[in-house]
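Me: Please take a close look at one part of this predicted model, namely the open sheet in chain B. How are its strands ordered and paired?

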Amino acid sequence: MKAYTLTLPLVFAAALDACGSASNDSLAGPRFDTDAGTQPRADVGSTGGAGFADGGLPRETGETRSFQTPQGGARHVYVANPARDHVEVIDAETLAISSVEAGDGPTYLATVPNTDTALVLDVNAPTLALLQTTATGTTSRSFDVVDGANAIAIAPDAQHAVVFLDTAQPNQGVPAGSFQEISVLDLRPGHESSLALSVGFRPTGVTFSGDGATGYVVTEDGVTILDFAALTGPRLVPTVSFRDDAVTADDAGVDGGAPHISRDATVADVAVTRDGHLALARVDGTSLLRAVDLRTRVAQTVDLGSEVTDLDVAPDGSFAVAALRSASRVVRIPLPDGLGDAAMRTVISLPGEVTGSVTLSPDGARALVYSSVAATDHATLLDLAGTTAPSLLHLRKPVRAVAFAPDGRTALVVHRHADGDAHAPGLDLATQIDRSPGYSLLDCASRFSVLALTDTEVGPFMLVPDGSSAFVLLRDDARNIARAQRVSLANFTVRDVLLGSPPVSVGAVSLSHRVFIGQDHPEGRITFVDWSTGTQQSVTGFELNSRIVE
Amino acid sequence: MNPILRPQTLCFALVLAACGQRDPRYGLSMATLPPVAAGSALFYVQPALDRAVVVDTGTTDPTVRSVALGTGAALAVPRAAHAEALVLSRGERGSDGVDPAPASLAAVTATGTARRWTLDAPFTALSQSDDGRWALATFDPHAVSERLLFNPNELALVDLDAAPSATNPVVRTVRSFGGVPQRVVFSPAMVVAGERRVLAVVLSDAYVTLLDLAHPDRSEVTVRLTLPEDTRAIAPSQVLFDVENATIYLRADASNDLYVMRLVQVTPASATSEDFRPALNQLAAGTHPSDMALTGTAAARRVLVVSPGSQDARLLDTVANTSTVLPLSAPANHILLFGADATAPATTALLYGTNGVASAVSFVALTDLAARRSLNVETLQLGRTIGDALPLPERKVVLFSHPSGTTGSLSLLDLSQRTAAPIYSEASLGGARFDGDRQTVWVAPDGLQRLGYIDLDGFRPGEVRLDAAATDVVALGGAARRVAALHAGAEGWFTLIDGAQPTRAHARSVRGFLLEGLLDEGAQ
């Protein structure tokens, strides 16, 4: 399972949530999963060539989570207000608003899942505020962190967090100094502290072991391992490279037999298994996977025979799935044994289908195979836990992104659409459908799907934690479209949620069973929707509230 | 018509003719502020003479009394819910031979007595609570200051039921974010933080100030309506109070949201801090909302809003903060709520648009509106665009004027029957007034020696011929339904008309009363 994909221009693309334990992205922000397809490269491994079904398909774009939108805690929503150096804290149940100072220019904010604890990074100072909300109010505590930090990753046990400058994300300009410094925050009560560490070049993501005891910083140089228990003071921490950095005679052109990876190669879809034993990545534009045993630091290369366009690792780390778009195949690789023994791998051939991307359900029992760039309205549902044959899904429109519900029973598929006015006179129904934005809802057990066309582009969406419903944001300022759609995942019915201003983000407040929809409004507006009943309430002017003076 | 000429007219003329060395006071202006009707009396304030002339029409023969006022009377208004006039005097700044005098506020009764409160500043505007107990003197931002320096955010709160004292009036300067008070609205008495109290809401540019009249010693609460970086000219323009829920609703020009201030109890930070604080929210209300009205019950409060910019009406659920949009066939910029009778809860809303934006009105049944939506809307075509409107929900009528060339035409909309009766008129509705029991509407056409009226019981129009053109018509209180047609003239002149018998034969002319006492004064 992968919550989002970072597609980086230089070296790494990291699936931060590859082992299902990444910090706090399970509740807030868009949940896109797209084909991280690449341009063919001629110098490494096997590449796409004559006879492949997808020759020339463009690179597909990923979607990222924003740290600059409101974030939900257990009961409260936190809204950074950099202009006022405050964070507004909104009680999702009472809509009471409080404001707390949070350093100089608090901007990038993340919440600890299922708690009312938030971390917010300042843009005008190298500081981070730790906010904790209780019945008596919200406290703020400041820590020094790496200059220019704009990304936060919180361990699943909420005991530690890692902040760093992710140059691929919106930032305030690259500061002078090292791109290799991070800050590790100890969040344990009574031990709160910040520790500066050096890691590999240009960190792009952080993932954690299932127990939260170890963090893995994905960098251009490899994976830096953070053993939190051992981080008691300044020290150098190990970085395990995906490259084969040994200088041998092979460099002079003598092939020793094993697949060779160019020193300029980039790796993508980096994942660390839940137990922290294995890091896995694909070598961009090649047929190669690279796996590193993080304990022994022994690496191995796996050639799958056709360009790997996507790689996903099961939440429990027991297997990986690789998409071979050019070969119309998907390969299931048991971990770790399937890396060295090709006979243990399961090759699923899907003739005629463009298998550019694969998305695993949260339980790893199913996978959706599709392409987000090919002009095909097909997708394929794989049963990875049982013996059901792959099911071809006729979705009627090309796929842009896919998200499974947390329970894995349903999925939401966002579609691409053709150019042109869908409502132009004289169009036949098929053309109208082609030109309309929309999304499909899929019941995995029955393979039943429902297409819902929308009158504007499908914006951010989310599936609520209990899997009962999904929320899709729709916005078109020119046509005064400002609403969300609440989709029941029990019967696939869609209900409009009218909003007072254009929606920009959606998240969930787990204890309150409420979704919050952040909107574009001068004074700030958030609409809370009970995801069970649809009851909605809005709070507007929460920034003004904090300016009431007596 | 029965003329009543005061004898002082002749005496005053003789005195003037006989003067050799004229007393400077003979050169003082006889001009008055616009007359004020309160109870059965008419109050004429003569600023140059520092006095008010009170003509009590409650007796068989009108009684005339002169009441001394503070120097520089600038404003006279009826006191709310009382048969008194309030006169705001700016005082005298002093000059050669003229001593300075303080500004003051006077409450003048029909019997010729006055209570006076000294004010610290030459205020130019006055606001009152509905019960007439509280008056707030402020500076009219559009008035000339006539002072070298003045603080436009200074104000004086006067308890009109209490005698002048060290704590009455309370003078203070309200916090400013660069603006000045534009208007003041008083709340009804409502329970806030467990205590019944009245609030004064001071409307300024882009913010409002709440003053607790029960605790005038406490700090005011200032609520900004925009963030500092917001350049919109958000000007508060309408305030409604939800007494049961201790909530204030505010509409502002240039904002598409309504501002909702729920007054919640807090622990005061100090002895002079308030024990409540507004919890601010904003309700999306379409594009350019122009009027709002509260409906529903306390437990399910709704706000009905008309938004001509989006040509719709919206029912806002203040609990869920959701809106039900009602597209309208005719644009509307005003709301009139009415029920089965004057005391019954409102069940219907009339939505209408003035200033030529619509020629039809919409009736909206409020019951189950959120579910029935457009099914509850009925449009009535009037056939002519609406210029102005005079709503009279107690009588279940609305009088519309329609721009029609040089003369105006009227429609009387029967809210019960949902019919519109055209009435052709040579006058506009500009100066129309209702009489005291709101049974007859009176119009004093500019320059005409006639007073028009429409009896709202049968929509029967009529007119009364006058001896001179009327400058205005005012309704008088008291037992009888009477109006006074005011005439120009330095000596003071009005025609008293019996609303029950609106004929020239039953009218009386009262004239010369502004000369009251002048002869006595000159002989001193």
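Reply: Strands β2(B) and β3(B), the latter covering residues 41-46, run antiparallel and are joined by 3 bridges. Within this pairing, B:A37 has B:L42 of β3(B) as its bridge partner. Both strands belong to an open sheet of 4 strands in chain B, and the order across that sheet is β2-β3-β4-β5, with antiparallel pairing. The sheet is bounded by β2 (36-38) and β5 (63-68) of chain B, edge strands that each pair on one side only. From one strand to the next, the twist averages 25 degrees. As a general point, strands of a sheet pair through backbone hydrogen bonds, and the arrangement may be parallel or antiparallel.

The surroundings of chain B include chain A: 20 residues of chain A are in contact with 23 residues of chain B. On the side of chain A that touches chain B, β41 (536-540) and α3 (542-545) of chain A each supply at least two residues. The largest share of that side, 5 residues, comes from β41(A). By residue class, the side of chain A that touches chain B comprises 7 nonpolar, 9 polar and 4 charged residues.

Chain A itself has 550 residues, of which 56% are buried. Its secondary structure consists of 3 helices and 41 strands. Of the contacts in chain A between residues at least 6 apart in sequence, 51% join residues at least 24 apart.

Note on methods. Residues numbered from 1 in each chain as written. Chains lettered and ligands numbered in written order. Predicted model: local features only at pLDDT ≥ 70, side-chain atom pairs only at ≥ 80, totals over all residues. Pairing = 2+ DSSP bridges. Axes fitted to C-alpha atoms, helices over the stretch in contact; angles between N-to-C directions. Buried ≥ 20, exposed ≤ 12 C-beta atoms within 10 Å, placed from the backbone. Contact = placed C-beta atoms within 7 Å. Nonpolar A, V, L, I, M, F, W, Y, C, P; charged D, E, K, R; others polar.
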